[in-house]
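Trainee: Could you show me how to read a protein model, feature by feature? I would like to have the general idea before the particular case.

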Amino acid sequence: MTNHYVATVPVKFTDTDGQERTRFQSVGAMFRNTRNGDGSEFFSLKLDFPVAVSELVMFPPSAKDPQD
């Protein structure tokens, strides 16, 4: 199981064939954390920069993403 997810912002665009598509721009990472005392889990979202968006989408890292 991965210990983090890639935080992205969906960006809609029109390709050269006129089709509307969505790409995902990375903006940070979300980490799963466990409390030592009771074992409960929580998540931390770390943004690379301030963003003014209404939606963030989390994905597990792909094999091509650099490992930090």
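Mentor: Happy to; we will go from confidence to strands, then to burial, a salt bridge and long-range neighbours. Keep in mind that this is a predicted model.

Trainee: Then let's begin with confidence. Where in the protein is it lowest, and where is it highest?

Mentor: A general caution comes first: where pLDDT is low, the predicted coordinates should not be read in detail. Here the mean is lowest in strand S4, residues 57–59, at 64, and highest in S1, at 91. Across the protein the average pLDDT is 79, and 78% of the residues score at least 70.

Trainee: Good to know. How many helices and strands are there in the protein?

Mentor: The protein has zero helices and four strands. Along the sequence, that gives the pattern β-β-β-β.

Trainee: Which strands pair, and in what sense?

Mentor: When you look at a pairing, check the direction and the number of bridges. S1 and S2 (residues 20–34) are antiparallel and share eleven bridges. S2 is also joined to S3 (residues 41–47), again antiparallel, by seven bridges.

Trainee: Which residues stand opposite each other?

Mentor: Between S1 and S2, His4 stands opposite Phe31, and Thr8 stands opposite Ser26. On the other pairing, Asn33 in S2 is opposite Phe42 in S3. When you follow such a strand by eye, remember that in a regular strand the side chains alternate between the two faces of the sheet.

Trainee: And what lies between S1 and S2?

Mentor: The two strands form a hairpin, with five residues between them. Look at Gly18 in that turn: its phi is positive, about 85 degrees.

Trainee: Let's move to burial. Is Val6 buried or exposed, and why?

Mentor: The idea is to compare the relative accessibility with a cut-off: buried means under 20%, and exposed means over 50%. Val6, which lies in strand S1 (residues 4–14), has 14% relative accessibility and therefore counts as buried. Leu47 in strand S3 is at 38%, so Leu47 counts as partly exposed. Thr2, in the segment before S1, counts as partly exposed because its value is 26%. For the whole protein, 18% of the 68 residues count as buried.

Trainee: What does the accessible surface of the protein come to?

Mentor: About 5,400 Å², and 50% of that belongs to carbon and sulfur atoms.

Trainee: How many salt bridges does the count come to?

Mentor: One salt bridge. The partners are the side chains of Arg21 and Asp15, with an N to O distance of 2.6 Å; the cut-off for this test is 4 Å. Their accessibilities are worth reading too: Asp15 counts as buried because it is at 16%, while Arg21, at 44%, counts as partly exposed.

Trainee: Finally, how should I look for residues that are far along the chain yet come together in space?

Mentor: Set the sequence separation beside the C-alpha distance. Val6 and Lys46 are 40 residues apart in sequence, with their C-alpha atoms 9.8 Å apart. Leu47 and Thr8 are separated by 39 residues along the sequence and by 9.6 Å from C-alpha to C-alpha. For Thr2 and Pro61, 59 residues apart along the chain, the C-alpha separation is 7.9 Å.

Trainee: What share of the contacts in the protein involves residues 24 or more positions apart?

Mentor: Among contacts with a separation of 6 or more, such pairs account for 38%.

Terms used. Residues numbered from 1 in each chain as written. Predicted model: local features only at pLDDT ≥ 70, side-chain atom pairs only at ≥ 80, totals over all residues. Heavy atoms only, no water. Buried < 20%, exposed > 50% of the residue type's maximum accessible area, 1.4 Å probe, protein only. Pairing = 2+ DSSP bridges. pLDDT = per-residue confidence, 0-100. Contact = heavy atoms within 4.5 Å. Areas by Shrake-Rupley, 256 points an atom, 1.4 Å probe, with all protein chains shown as cover.
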